[in-house]
Amino acid sequence: MSVEESRYSPKFNSPSADITFKSSDGVFFRIHRKNLEVCTEGFPPSDVVATEDEVVELTETSTTLELLFQFIYPQRHPALDTTPFDILYPLAEASEKYQVFPAMNICHIRLRDMVQQHPAEISVYAAKHNYPYLVSHVAPMMIGMDPIKVAQILPPHLIVPWTRYIQEWIRVHRQTTLVLTYNGRCHEDRKICDSRITNENAWQIFAFSCMRKLSSGIQTLRALDEVFDVAQDWKVMKDTFVRYELRANAPVPQCCQNDLAAWRKKIDDAIASIPKFSTFL
Ligand SMILES: [Zn+2]
């Protein structure tokens with residue numbers, strides 16, 4: 001195989017093909033126009049001009065095109081279930097750009113499964129290409145992102161809905177982050193904390209610790225495991241008071257565990273009451 005031949009995609013090199021595309025990294029793809037007409041709406045792209053030898057240059061890489069063109073032929077399409085994000089995302093963008101309908105469908109389903117790892121990129125994709133349900137799915141994960149960055153990546157028509165959505169999270173934060181109704185002297189139900197030692201009790205220390213973590217912003221509402229992890233606070237308290245009444249291996253008092261769980265449930269319930277982002281559209 002000559003060097004020139006090696007630059008042709010082995011999968012897309014049919015002699016009966018009637019249009020040739022060139023990837024950004026210099027690989028040629030011979031494709032049948034009639035398949036493009038049936039499966040896509042944007043090929044060949046109107047903003048590119050074929051060169052003299054009828055080669056249409058595209059901005060996508062050969063990796064992207066190799067996958068994309070598989071969706072325009074009558075064959076089993078790639079499942080994309082093990083495709084990593086850095087390959088899937090440009091494929092999803094390309095399938096939207098050229099309106100390759102079979103690829104658009106599977107790409108947005110696969111991206112939906114990756115929102116935990118890539119909320120920012122997927123929110124942009126979902127907003128840009130009008131997948132409101134996916135924007136709703138990813139919106140809670142964007143709570144932790146820098147608001148300036150979110151405003152920059154969202155298209156203008158989503159800024160007001162996003163602001164209204166954030167207002168709901170701020171409301172929940174304001175209504176649920178403060179406890180210590182009795183200044184920490186006892187539990188929220190007025191019962192004395194089992195750990196009470198002189199003027200100290202564990203509930204007061206736990207409550208201050210959790211409130212301090214929550215006070216850094218609404219993004220903490222998305223990290224409640226971390227917020228309500230009081231292991232370190234308990235260790236410090238035991239280290240301080242072990243000579244008095246606390247045994248070194250004593251677990252977090254049940255009364256405190258109950259109050260922490262009740263507080264957390266109140267926050268979880270309030271978060272569950274926030275309407276989906278799509279209802280603000
Ligand atoms: Zn207690």
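This report covers the zinc site, the cysteines, an aromatic cluster and a sheet of a predicted model.

## Basis

The model is predicted, so local features need pLDDT of at least 70 and side-chain atom pairs count only at pLDDT 80 or more, while totals for chains, interfaces and linings use all residues. Residues are numbered from 1 along each chain as its sequence is written, and side-chain values use heavy atoms, with hydrogens and water left out.

## Zinc site

Four protein atoms serve as donors of the zinc ion: NE2 of H187 and the SG atoms of C193, C255 and C256, at 2.2 to 2.3 Å. Donors are N, O and S atoms within 2.8 Å of the metal (3.2 Å for Na, K and Ca); water is not among the atoms, so sites may look incomplete. Along the chain the donors are spaced as H-x5-C-x61-C-C. C193 belongs to the loop between α9 (159-176) and α10 (202-214), and C256 to helix α13 (residues 254-272), so this pair ties together parts 63 residues apart in sequence. Helices (H or I, at least four residues) and strands (E, at least two) are DSSP runs, numbered from the N terminus.

The angles among the four donor atoms run from 97 to 126 degrees, and the site is tetrahedral; four donors count as such if all angles lie between 85 and 135 degrees. The ideal angle for four tetrahedral donors is 109.5 degrees.

## Cysteines

The whole structure contains zero disulfides, a disulfide being a pair of cysteine sulfur atoms within 2.5 Å. For C186, the nearest cysteine sulfur is that of C193, 9.6 Å away.

C186 counts as buried because its relative accessibility is 9%. Buried means under 20% relative accessible area, exposed over 50%, and partly exposed in between (1.4 Å probe, protein chains only). Of the zinc donors, C193 and C256 are both buried, with C256 at a relative accessible area of 0%.

## Aromatic cluster

There are 17 aromatic pairs in the structure. Rings of Phe, Tyr and Trp (its six-membered ring) pair if their centres lie within 6.5 Å; planes under 30 degrees apart count as stacked, over 60 as edge-to-face and the rest as tilted. F12 and F69 have ring centres 5.9 Å apart and planes at 65 degrees, so they form an edge-to-face pair. This pair links distant parts of the chain, 57 residues apart: F12 is in strand β1 (residues 8-13) and F69 in the loop between α3 (62-68) and α4 (85-97).

F12 is buried at 6% relative accessibility, and F69 is buried with a relative accessible area of 0%. Both residues are in one aromatic cluster with F21, F29 and Y73.

## Four-stranded sheet

The four strands form an open sheet in the order β1-β3-β2-β4, with mixed pairing. Its edge strands, β1 and β4 (55-57), each pair on one side only. The twist from one strand to the next averages 25 degrees, where axes are lines fitted to C-alpha atoms, for helices over the stretch in contact, and angles run from 0 to 180 degrees between N-to-C directions.

Two strands pair if DSSP finds at least two bridges between them. β1 and strand β3 (residues 28-31) are parallel over two bridges, and Y8 stands opposite F28 in β3. Strand β2 (residues 19-22) and β3 are antiparallel over four bridges; here the bridge partner of K22 is F28. The hairpin of β2 and β3 has five residues between the strands, and G26 takes a positive phi near 85 degrees in this hairpin.

Note on methods: Tetrahedral: all angles 85-135°; square planar, octahedral: opposite > 155°, others 65-115°.
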